[in-house]
Amino acid sequence: MKAFGVHRFWAIVLKEFIQMKRDRVTFAMMVGIPPIQLALFGFAINSDPKHLPTAIVNADRGPFARALVWGLAQSGYFTVIRESATEAEAARLLQLGTVQFVVNFPEDFSRRLIRGEQPSVLVEADATDPAATGPALSAIRALAEPVLRRELTGPLAHLRKTLSPIDVQVHAHYNPENITQYNVVPGLMGVVLTMTMIIITALAITRERERGTMETLLATPVRPFEVMSGKILPYIMVGYLQASLILLAARFLFHVPMVGSLPLLYAVALPFIAANLAVGITFSTIARNQLQAIQMAFFFFLPSILLSGFMFPFRGMPGWAQGIGACLPLTHFLRIVRGILLKGNSLTEIAPELWPIILFMTVALTVGLRRYRQTLD
Amino acid sequence: MIAHTQPSDVIDVVGITKSFSGKREVNAIDLRVRRGEIFGFLGPNGSGKTTFIRMLCGLLTPESGSGTCLGYDVIRDQREIRARVGYMTQKFSFYEDLSIRENLDFIARLYAVENRRQAVDASIERLGFQGRSGQLAGELSGDWKQRLALATCLIHSPQLLLLDEPTAGVDPKARREFWEQIHGLANEGLTVLITTHYMDEAERCHRLAYIAYGTLLARGTVDEVVASAGLSTWEVAGPGLNELARELRPVEGVRQVVPFGNTLHVTGSNAHALDSFTSPWRTRGTHQWTRVPSRLEDVFIHLMDSARDNFS
Ligand SMILES: Nc1ncnc2c1ncn2[C@@H]1O[C@H](COP(=O)(O)OP(=O)(O)OP(=O)(O)O)[C@@H](O)[C@H]1O
Ligand SMILES: [Mg+2]
C-alpha cells in the first residue's frame with residue numbers, strides 16, 4: 001500500500017470542505033473576525049520602549065559628539081550597537097530592522113558649537129512602529145542641552161551662557177506621518193491568521209474523537225499524514241481569504257501604503273498559515289475534548305498577541321519576553337508583513353525572519369504526526 | 001505483496017489479552033471463525049466484546065496473543081486487515097453533518113473503491129435510499145442510521161464484517177430485514193462476527209461464543225452451548241407464582257427462578273439435586289410441574305453467575 005494515497009488525502013479535503021460549508025456559523029466567524037479585529041485595534045496602543053538599537057554615523061569625531069553618544073546611552077532609550085558606521089552601512093542596518101535609529105553627527109558639529117552657532121544632528125528613525133520611536137525622539141531633544149553644558153568647561157565655559165539648543169532633525173523612514181494604523185493594520189493580518197487558524201484546526205481532530213467518527217477513520221486504511229494534510233489544505237484557503245480581506249481593508253479603508261511586492265507577501269504567508277494550522281492540529285491530538293482544544297489555542301494565542309510586537313513594541317519588552325516572542329511565528333511574520341508593505345523589503349531581506357517560521361512549522365507538524373495515534377489504545 | 005491463500009478460518013486467534021489501567025478486560029481468548037459463517041458474540045455489559053472486536057481490526061493492539069484475521073497477522077498486518085474488513089461501531093460513527101451519499105462517497109474514496117460512483121449509486125439503491133440520498137445522516141431515524149452504517153461498511157466489498165451491536169435500538173421489523181440481509185451476505189461467502197444482547201438474534205447465528213469478565217465461557221451452536229451447560233429446567237404453572245418463587249429461590253440445587261409469561265422457570269445445574277430438593281413442592285399438587293428444555297437465556301445467566309463466583 002502506498003505511503004501517501006492521493007485519493008485518501010483528497011477524500012479528507014472534500015469532506016472538510018463539505019463540513020465547512022455546512023457549519024455556517026463557524027464560516028461566518030472566520031470571515032467576520034478580520035473586520036471586527038480591524039475595528040477593535042484601529043486605535044493606538046502606547047508604551048515606553050527602551051534600549052532601542054542605534055547606529056552612529058559620526059563625521060565629527062570631536063569630544064562633544066562623543067559626549068552626546070554617551071548621553072544617549074545614559075538616557076536608557078538607546079543602545080548603541082554600532083559606534084562608527086558609514087552612511088551606507090547605517091542605511092542598510094535600518095532597512096534590515098537591525099537598528100531602530102541612526103544618529104548622524106555632521107562634520108562641522110563641534111566647530112559650529114564652539115563658534116556659538118546652532119549645531120544640528122540628524123536622527124533617522126524606523127517609524128514603522130510609531131509607538132516605539134516617539135518617546136525616544138523626545139528623549140534626544142531633552143538630553144542634548146544638559147550633556148553639552150557639562151562638557152563646556154575651562155576656556156569654553158563662556159559658551160554655556162550662549163548655548164543654543166541643538167537642532168535635532170528627525171527623518172522618519174517608512175511611516176513618516178507616524179500613523180499607528182500603518183503599523184497595526186498589517187500586523188492584524190498575522191494576528192487574525194494566528195487566532196482563527198489555530199482554533200479551527202485545534203477542533204479538527206478533537207471533534208472527530210468526540211463524535212466517535214475517529215473510530216471509523218481509524219478503521220479505514222487512511223494514514224495520519226493524509227488526515228492532517230487533508231484537514232490543513234482547506235483552511236489554508238480560508239487563511240488566504242482572511243489575509244486578502246485585511247489587505248483590502250488596509251488599502252482602501254486605512255490607506256496603508258504598500259511599497260513592497262504583494263505576490264511575495266502571499267508567498268511567504270503560506271509557511272506562516274501552515275505553521276499555525278500545524279500548531280492547531282497538534283493541539284487537537286493532545287486535547288481530550290473540544291473545550292480543552294479551545295483553551296490550548298488561547299494559551300498559545302495570548303503570548304502571540306502580547307509578546308510578538310503587535311500589542312507592545314518588541315524592543316520595549318524585557319529580555320525574557322523577547323526570548324519567548326522570538327519563538328513565536330507571529331513575531332517573525334509581523335516583521336515580514338511590515339517589512340514588505342512599509343519598507344518594500346525583498347526576499348533576501350526577510351529571509352532571516354522566514355526560516356524561523358519554517359522551522360516552527362516543521363517542528364509543530366512533526367509533533368502532531370507523532371502524537372496522532374493510529375489506534376485507540 | 002505476498003499472495004495470501006484463502007484459509008478456511010477467517011479469524012483464527014489464540015490467547016488474545018488486553019488490559020486497561022492494569023485491569024484485564026479481555027483474558028486469553030481463543031477464537032476461530034469459519035468462512036461464510038455468522039458468528040454471534042455474546043456477553044454481559046462490559047465483558048470485553050467491543051474491546052475484542054477492536055483488536056481484530058487493528059484499532060487496539062493486543063498486549064499478548066497472536067493469530068490471523070483473513071490470513072493476515074493481527075499484530076503486524078493491521079493495515080492489510082483494515083482494508084478488507086467492514087467494521088460497524090457500537091455507536092453510530094459516521095458524519096452526521098454529511099448526507100447519506102456524501103458519507104458513502106467519503107468512505108468509498110478512502111478505500112479507493114473502483115467505479116466509485118456506480119458503487120455508491122448501487123449501494124443507495126440496494127438500501128432503498130433513492131430520493132433521500134441528500135438527507136443529512138444526523139437527521140435519520142435509528143433504523144435508517146443502522147442501514148446507512150451497514151451500507152457504508154459494505155461499500156468496499158469487505159471479506160469480513162465485524163458488527164458491534166448493530167441492532168440496538170432498532171424496531172423488530174428493521175431487525176428482521178437486517179438479519180435477512182446478513183444471511184444473504186453470508187450465503188455469498190461473507191463472514192460475519194456480530195455482537196448482540198438479544199437471545200432471538202443469538203439463535204439466528206450459525207455458531208456463537210459467550211464471554212463474561214473477559215473470559216470465553218462457552219462456544220458452539222445454540223444446541224451445543226445449551227447442552228454443554230448441563231442445566232435442567234422445570235416449568236411451573238398455577239396460582240401464587242410470586243410466593244412460590246420466593247420460597248424456591250433459597251432452596252438448594254435451584255440456580256434460577258425466572259417468571260416466564262404465566263409460568264415460572266426453575267433451573268438447576270444438577271438435574272438430580274434439582275429434582276430431589278424440589279420434590280416437596282412438586283408433590284404438593286398445588287402447581288403443575290413440567291420438564292422443559294433449558295433456554296439459551298437460562299444458560300447465559302447461569303454462565304454469568306458462575307463466572308461472577310469465579311472471577312470476583
Ligand atoms: N479505552 C479504554 N480505556 C479504559 N477502559 C476501557 C476502554 N475501553 C473499554 N474499557 C473497559 O473495558 C471493559 C470492557 O469494555 P467493552 O466495551 O469491551 O465491553 P462490551 O462487552 O463491549 O460491553 P457492552 O455490551 O456494554 O458494549 C469495560 O469495563 C470498559 O470500561
Ligand atoms: Mg460494546
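# Exercises on chain B and its ligands

The centres of domain 1 and domain 2 of chain B, taken over C-alpha atoms, are 40 Å apart. The model is predicted, with local features needing pLDDT of at least 70, side-chain atom pairs counting only at pLDDT 80 or more, and totals for chains, interfaces and linings using all residues. Residues are numbered from 1 along each chain as its sequence is written, chains are lettered from A and ligands numbered from 1 in the order in which they are written, and side-chain values use heavy atoms, without hydrogens and water.

**Exercise 1.** State how chain B is divided into domains and how many helices and strands chain B has.

*Solution.* Step one: domain 1 covers 9-225 and domain 2 covers 232-293, with bounds from an automatic or database domain assignment. Step two: chain B has 11 helices and 14 strands; these are DSSP runs numbered from the N terminus, helices being H or I with at least four residues and strands E with at least two. Step three: the C-alpha atoms fill a box of roughly 75 × 45 × 35 Å along the principal axes.

**Exercise 2.** Describe the shell around ligand 1 and the polar contacts of ligand 1 with B:G46, B:T51 and B:E165.

*Solution.* Step one: 13 residues surround ligand 1, and B:G46, B:K49, B:T50, B:T51 and B:Q90 come nearest (near: a heavy atom within 4 Å). Step two: helix α1 (residues 49-56) of chain B gives the most to this shell, 3 residues. Step three: a polar contact is a pair of N or O atoms within 3.5 Å. An oxygen atom of ligand 1 lies 2.8 Å from a polar backbone atom of B:G46, one is 2.5 Å from a side-chain N or O atom of B:T51, and one is 3.2 Å from a polar side-chain atom of B:E165. Step four: on its own, ligand 1 has 630 Å² of accessible area, of which the protein covers 65% (Shrake-Rupley method, 1.4 Å probe).

**Exercise 3.** Which residues coordinate the magnesium ion (ligand 2), and is each buried or partly exposed?

*Solution.* Step one: the donors are OG1 of B:T50 and OE1 of B:Q90, at 1.8 to 2.1 Å. Donors are N, O and S atoms within 2.8 Å of the metal (3.2 Å for Na, K and Ca); water is not among the atoms, so sites may look incomplete. Step two: B:T50 belongs to helix α1 and B:Q90 to the loop between β6 (85-88) and α3 (100-110), 40 residues apart. Step three: buried means under 20% relative accessible area, exposed over 50%, and partly exposed in between (1.4 Å probe, protein chains only). B:T50 has 19% relative accessibility and therefore counts as buried; B:Q90 has 41% and therefore counts as partly exposed.

Notes:
Polar contact = N/O pair within 3.5 Å; in protein donor to acceptor, adjacent residues only side chain to side chain. Nonpolar A, V, L, I, M, F, W, Y, C, P; charged D, E, K, R; others polar.
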